[in-house]
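Q: I've never looked at this structure before. Can you walk me through how to read it?
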Protein chains: 2
Amino acid sequence: MLSALDLARRVAAGELTPQGVVDLCAEAINAREAEIGAFATLDLVAARSRAENLAATPLRGLPVGLKDIIDTADLPTTYGTALYAGHQPKSDAALAAMVRRAGGVIIGKTVTTELAHMQPGKTKNPHNGAHTPGGSSSGSAAGVAAGFFPIAIGTQTGGSVIRPAAYCGVAAIKPSFKLLPTVGIKCMSWSLDTPGVFAASVADVAFAMAAITGRDLAVSQGSPAPPRLALVRTHAWREASEAMQQAVEAGAGAAQAAGASVTELVLPPLFEDAFHAQATVQDYEAYRALAWEYDHHRDLLPASLQALLDKAADIPAETYDAARRTARRARNAFGGLMADLDGLITASAPGAAPKSLDTTGMPTFNRLWTLMGTPCVNVPGQVDAAGLPLGIQVIGRFGRDRLALEAGWFVEQALARTN
Amino acid sequence: MLSALDLARRVAAGELTPQGVVDLCAEAINAREAEIGAFATLDLVAARSRAENLAATPLRGLPVGLKDIIDTADLPTTYGTALYAGHQPKSDAALAAMVRRAGGVIIGKTVTTELAHMQPGKTKNPHNGAHTPGGSSSGSAAGVAAGFFPIAIGTQTGGSVIRPAAYCGVAAIKPSFKLLPTVGIKCMSWSLDTPGVFAASVADVAFAMAAITGRDLAVSQGSPAPPRLALVRTHAWREASEAMQQAVEAGAGAAQAAGASVTELVLPPLFEDAFHAQATVQDYEAYRALAWEYDHHRDLLPASLQALLDKAADIPAETYDAARRTARRARNAFGGLMADLDGLITASAPGAAPKSLDTTGMPTFNRLWTLMGTPCVNVPGQVDAAGLPLGIQVIGRFGRDRLALEAGWFVEQALARTN
């Protein structure tokens with residue numbers, strides 16, 4: 001993998017040019033893209049030319065892979081579906097423009113599941129081509145894992161940032177809701193869609209987040225104070241594999257050994273209600289957000305999305321409103337639960353990437369936190385017996401993205417010391 | 001004006017066909033569109049053909065004017081700017097698709113200010129062509145006032161639904177934030193942009209809202225209980241003209257005479273802070289939402305928008321975060337203030353439409369309520385000494401759109417009885 005932080009330091013020191021970084025990416029891409037399939041669109045010549053004169057920018061001209069539901073004025077954006085084959089947006093999504101403003105070079109568009117729902121694209125897991133890379137941000141996660149680009153952007157409505165990051169063994173953040181704008185990103189659910197950032201390590205993710213947002217989010221300076229953490233199993237714990245349960249406990253143990261306080265937190269039943277509310281909110285909104293596609297081109301949608309929307313047509317407004325009230329109650333209660341905590345530790349996914357290219361895995365450990373709008377950080381660094389990555393998740397309080405990144409970084413470093 | 005409710009009843013009774021309604025609209029359009037300029041795009045032949053077989057739908061095939069920042073797959077959408085001349089979106093905005101699902105016929109796209117900011121389009125006020133129709137939803141408000149269509153959709157970020165409705169003497173609702181989706185609508189501020197609905201009277205607006213959302217929002221059955229209202233002057237009261245102050249007091253007086261309880265409410269200083277916070281949130285987000293336009297085509301933007309974005313570039317994230325916290329505190333406090341109230345009464349605008357086609361007037365009485373996300377209803381029915389409409393505003397609690405519409409309807413009927 002390419003460390004964004006390391007590359008940025010070398011560019012800043014004049015040891016490497018932004019174009020030299022594109023060349024490093026090109027080398028990895030030429031070696032493995034045919035096998036992995038992370039890109040929906042790739043134009044290395046254009047990327048190399050755009051990298052000129054960006055060495056002094058916050059992102060130092062580093063290449064960024066952009067999920068192909070994020071509009072770009074200079075690259076087609078096809079939302080992973082034949083319905084939008086060849087679609088060329090007129091303008092950049094706000095986040096694409098922010099990446100460019102920060103001095104990032106959009107090296108290509110990365111593979112998404114169809115309309116960011118469940119039907120997989122062509123991407124394979126770089127750790128084992130028989131396994132899913134996860135989704136819906138498949139190409140963004142796989143491309144960082146394969147060293148195709150040091151930074152990538154994806155989006156999460158259920159678990160589409162944290163899960164693929166976990167499966168591909170890269171770090172990622174799904175930041176607080178609305179910290180990164182969704183303007184110009186194909187919508188599935190306006191209450192849930194949340195852009196996120198992938199990179200090799202948590203410190204790399206924090207560097208990219210700081211550069212893109214202009215906020216004080218970098219964690220690479222000095223050592224953060226040991227965080228106050230709690231291990232939380234959620235109602236779905238029995239769906240986590242034994243290896244995953246051990247990985248979470250190992251993460252908590254390593255953090256504790258490194259000086260963090262680690263307690264256990266049992267979530268009240270309200271949070272199981274909120275978990276289920278996520279699906280209601282998502283499906284009710286998807287039936288409207290994708291109304292044109294469903295009403296005019298239902299047959300071109302994948303069967304899983306047809307089934308979701310067929311069913312979503314019948315969700316009464318009262319059921320949706322009740323789900324939103326449940327979400328609001330859970331968000332309010334969460335602040336109280338976290339009063340003396342910097343972060344929670346739990347699983348990022350039920351286990352390692354499933355051995356299948358027909359599924360992208362389950363968002364079991366993500367849906368609740370997307371609905372809560374809280375920052376979630378995938379901490380890589382562990383593997384199962386077959387050598388596949390196991391990601392664990394550090395969850396922070398709404399608006400405390402820096403604290404969540406620092407806690408994730410602390411756990412990542414603590415785990416590295418135990419290996 | 002064409003009453004949506006009346007037309008719908010006649011179509012339901014078989015006295016009129018949806019195509020006959022299009023013909024009524026065409027008659028008014030042919031008589032006055034050249035003078036008023038409400039349309040950015042108009043295709044009466046296509047509208048007439050689309051109206052077939054819609055008599056049994058919730059909207060009964062009624063024509064709807066759609067602000068030209070709302071994407072339509074079958075009509076160009078140019079956001080009021082030369083930058084998007086001829087722009088043809090691939091798909092419908094969610095709200096455009098919802099209008100069609102409800103059986104509405106999109107009769108044309110209505111004039112917006114440039115990118116829904118301040119630079120006026122060609123539209124004139126139907127009550128006096130030397131006066132502004134208000135903005136940014138200029139064509140939607142003017143078109144309803146001129147009888148070009150019984151229903152229109154606009155959007156409000158500062159005061160762009162309620163103010164033009166007031167200036168043009170039509171009813172409108174800016175509903176609770178997120179009740180109508182913004183997916184596929186050109187964004188200025190993702191925390192503020194709120195679609196709204198225009199029609200001849202409050203009951204017509206409620207009929208359209210009910211049909212489009214599938215929610216129980218219609219107020220036309222029976223008599224609502226007299227509402228508990230409070231007259232609120234806000235910190236900006238001295239900016240309201242004498243005629244407007246009298247109109248608000250007349251509305252409150254008429255409601256009281258009709259059986260409503262009317263008290264007075266003085267807003268705590270927090271709400272003046274929230275008023276100012278609206279501009280910070282809007283401008284910070286606009287600098288990102290319009291990043292592509294600003295970074296690549298600044299010279300094509302109107303001077304007022306250039307100036308806004310030039311300045312917005314320097315708003316620190318901390319200032320924006322503080323504004324959002326102020327908004328959250330004010331929203332929480334508002335629930336308490338409204339515990340025993342169904343609605344507030346205040347001005348919809350500082351006065352009648354200014355005599356100018358270079359400005360669309362000021363959102364002085366709207367900014368706060370857009371930030372609050374609460375339903376606002378413009379109640380028409382009064383005029384100043386020159387015969388220009390004066391609109392007053394009924395403001396409800398978040399999520400209580402039906403109560404706000406009922407209160408607005410009650411005030412409208414009470415005023416009608418005093419005339």
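A: Sure, let's begin with one pair of residues: A:V377 has A:V394 as its bridge partner in β11(A). Keep in mind that this is a predicted model, where local features need pLDDT of at least 70, side-chain atom pairs count only at pLDDT 80 or more, and totals for chains, interfaces and linings use all residues. Residues are numbered from 1 along each chain as its sequence is written, with chains lettered from A and ligands numbered from 1 in the order in which they are written.

Q: Which strand pairs with β11(A) in the antiparallel sense over six bridges?
A: Strands are DSSP runs of E, at least two residues, numbered from the N terminus, and two of them pair if DSSP finds at least two bridges between them. Here the partner is β10 (residues 376–383) of chain A. In their hairpin, five residues sit between the strands, and A:G387 takes a positive phi near 85 degrees.

Q: What about β9 of chain A?
A: Strand β9 (residues 343–347) also pairs with β11(A) in the antiparallel sense, over four bridges. There, A:T346 stands opposite A:Q393.

Q: Which way do the residues of β11(A) point?
A: In a regular strand, side chains alternate between the two faces of the sheet. In this case A:P389, A:G391, A:Q393 and A:I395 point one way and A:L390, A:I392 and A:V394 the other, and all are buried (20 or more other C-beta atoms within 10 Å of a residue's own, with C-beta atoms placed from the backbone). Seven of the seven residues of β11(A) are buried, so the strand is largely enclosed by the rest of the structure.

How values were computed: A residue is buried if 20 or more other C-beta atoms lie within 10 Å of its own, exposed if 12 or fewer, and partly exposed in between; C-beta atoms are placed from the backbone.
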